[in-house]
Amino acid sequence: MSQLMQAMDLLRTIFDKYAGKEGDKDTLTKKELAELLRIEFSGPQSKAEMDKFFGMLDNDGDGVVSFEEYVRRLQNRICKNYPTFYSKKNN
Ligand SMILES: [Ca+2]
């Protein structure tokens with residue numbers, strides 16, 4: 001398996017680990033997302049920050065975060081953290 005495929009597989013494995021804790025195993029509740037962010041990313045810390053972040057991820061407003069919504073946010077984060085790479089790719 002290529003390194004890129006391994007990275008994609010790892011993203012899904014981590015998502016599934018938290019999504020399977022309550023409710024639909026294919027989506028993250030706010031509680032599951034808060035735990036994922038706290039353990040895997042060290043944040044956000046306050047309920048207000050969490051509510052704001054959850055709102056940014058829950059693109060369709062259905063009250064849960066799908067894998068697609070989660071990955072879309074990660075993609076935006078990667079592009080912001082690696083602007084040189086992103087600008088080269090789009091030129
Ligand atoms: Ca959603």
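Below is a short exchange about a predicted model, with helix H2 at its centre.

User: What should I know about the model and its numbering?
Analyst: The model is predicted; local features need pLDDT of at least 70, side-chain atom pairs count only at pLDDT 80 or more, and totals for chains, interfaces and linings use all residues. Residues are numbered from 1 along each chain as its sequence is written.

User: What makes a run count as a helix or a strand?
Analyst: Both are DSSP runs, numbered from the N terminus: helices are H or I with at least four residues, strands are E with at least two. The protein chain has five helices and two strands. Their order from the N terminus is α-β-α-α-β-α-α. H2 covers residues 30-41, twelve residues, so H2 meets the minimum of four.

User: How do you know what span to expect for H2?
Analyst: The expected span is 1.5 Å times one less than the number of residues. For H2 that gives 16 Å, and its first and last C-alpha atoms are 15 Å apart, which is close.

User: Why are some residues of H2 called buried?
Analyst: A residue is buried if 20 or more other C-beta atoms, placed from the backbone, lie within 10 Å of its own (exposed: 12 or fewer; partly exposed: in between). In H2, Glu 32, Leu 33, Ala 34 and Leu 37 are buried, so each of them reaches that cut-off of 20. Across the protein chain, buried residues make up 12% of the 91 residues.

User: What covers the buried residues of H2?
Analyst: The cover includes helices H1 (3-19) and H3 (47-57), and strands E1 (27-28) and E2 (65-66).

User: What follows H2?
Analyst: Ser 42 does, and its phi is positive, near 60 degrees.

Conventions. Contact = placed C-beta atoms within 7 Å.
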